[in-house]
Amino acid sequence: MKIKNLTYALSAAFGLIGPALFLRNINLSDWGMLIVELGFSLWLLSPFVLIALAVRSDRFSAIGALIATILAGLFGAWFYTELTFHFYTRSDAQDAIAMLFVAAYQHAIILLTLGLASIVGWLQTRRK
């Protein structure tokens, strides 16, 4: 399987975990908040859209994008399931806000990993 296709598939799989667990925790009967909840779901999906755009642009290493997908995806999956099912923590009123910050951490993981992969690739081409 090509690395790009694997990265796209993992991005899709990991990208659906956050919005699915977020929508599980909210009250969908309140129609007034539907636009806000949809916006939050898109925010939780945005790190993996960033990876898909990075893979498509060919400016970034496909291996670096795959590593970024795995790191950010596993971090997000663990954190979202912890905030939803509380394996090690207690339920708190700030769980929903913590869910929204996971996407910011995922963005940071992705940008740092892609940046590091770009620097390593640049150093390797410069060395030749």
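**Exercise 1. Find which residues of H2 and H3 meet, and describe how the two helices run.**

*Solution.* Start with the residues: on the H2 side, Leu44, Phe48, Ile51 and Val55 meet Ala65, Ala68, Thr69, Ala72, Gly73 and Tyr80 of H3. Sorted by class, this contact of H2 with H3 holds eight nonpolar and two polar residues, and no charged ones. Keep in mind as you work that this is a predicted model.

Next, look at the geometry. H2 covers residues 34-57 and H3 covers residues 62-85; their axes come within 10 Å and cross at roughly 170°. Angles over 145 degrees count as roughly antiparallel. H2 and H3 are therefore roughly antiparallel to each other.

**Exercise 2. Place threonine 69 in its surroundings: is this residue buried or exposed?**

*Solution.* First locate the residue: threonine 69 sits in helix H3. Then check the accessibility. The cut-off for buried is under 20% relative accessible area. Threonine 69 has 0% relative accessibility, so the residue counts as buried.

Finally, list the partners. Setting aside neighbours within four places in sequence, threonine 69 is in contact with Thr7, Leu10, Ser11, Phe14, Phe48, Ile51 and Leu74. Two of these partners, Phe48 and Ile51, also appear on the H2 side of the contact with H3.

**Exercise 3. Trace the largest nonpolar core and say which helix gives the largest share.**

*Solution.* Begin with the members. Ten residues form the largest nonpolar core: Phe14, Phe48, Ile51, Ala54, Val55, Ala65, Ala68, Ala72, Ile110 and Leu114. Now assign them to elements: H2, H3 and helix H4 (95-127) each give two or more residues to this core. The largest share is that of H2, with four residues.

A second core lies apart from this one; it has nine residues, including Leu21, Leu44, Tyr80 and Leu100. As background, nonpolar side chains in soluble globular proteins tend to be buried together.

To see one core member up close, take alanine 65. Leaving out neighbours within four places in sequence, alanine 65 is in contact with Thr7, Ile51, Val55 and Leu114.

**Exercise 4. Work out how H1 packs against H2, and which H1 residues are buried.**

*Solution.* Take the helix itself as step one. H1 has 23 residues and reaches 34 Å from its first C-alpha to its last, close to the 33 Å expected at 1.5 Å a residue.

Step two is the packing angle. H1 (residues 3-25) and H2 pack at about 170°, and their axes are 9 Å apart. H1 and H2 are therefore roughly antiparallel to each other.

Step three is the contact. H1 residues including Thr7, Ser11, Phe14, Gly15 and Gly18 take part, with H2 residues including Glu37, Phe40, Leu44, Phe48 and Arg56 on the other side. By class, the contact of H1 with H2 has twelve nonpolar, five polar and three charged residues.

Step four is burial. The buried residues in H1 are Thr7, Ser11, Phe14, Gly15, Gly18, Pro19, Leu21 and Phe22. These buried residues pack against H2, H3 and H4.

**Exercise 5. Contrast glycine 115 with arginine 90, and look for an unusual backbone angle in the loop between H3 and H4.**

*Solution.* Glycine 115 lies in helix H4. Glycine 115 has a relative accessible area of 28%, so the residue is partly exposed. Its C-alpha is separated by 9.8 Å from that of serine 61, 54 residues apart along the chain.

Arginine 90, in turn, is placed in the loop between H3 and H4. Arginine 90 has a relative accessible area of 76%, so the residue is exposed. The C-alpha atoms of arginine 90 and alanine 68 are 22 residues apart along the chain and separated by 30 Å.

Now for the backbone. Histidine 86 is also found in the loop between H3 and H4. Although not a glycine, histidine 86 has a positive phi of about 55°.

**Exercise 6. Step back and describe the whole chain.**

*Solution.* Count the elements: the protein chain has four helices and zero strands, in the order α-α-α-α from the N terminus on. For extent, the C-alpha trace spans about 60 × 30 × 25 Å along its principal axes. For burial, 31% of the 128 residues count as buried. For contacts, among those between residues at least 6 apart in sequence, 76% join residues at least 24 apart.

Technical notes: Residues numbered from 1 in each chain as written. Predicted model: local features only at pLDDT ≥ 70, side-chain atom pairs only at ≥ 80, totals over all residues. Heavy atoms only, no water. Axes fitted to C-alpha atoms, helices over the stretch in contact; angles between N-to-C directions. Parallel < 35°, antiparallel > 145°, perpendicular 65-115°, else oblique. Contact = heavy atoms within 4.5 Å. Nonpolar A, V, L, I, M, F, W, Y, C, P; charged D, E, K, R; others polar. Buried < 20%, exposed > 50% of the residue type's maximum accessible area, 1.4 Å probe, protein only. Core = buried A, V, L, I, M, F, W, Y, C linked by side-chain atoms within 4.5 Å. Expected span 1.5 Å × (residues − 1).
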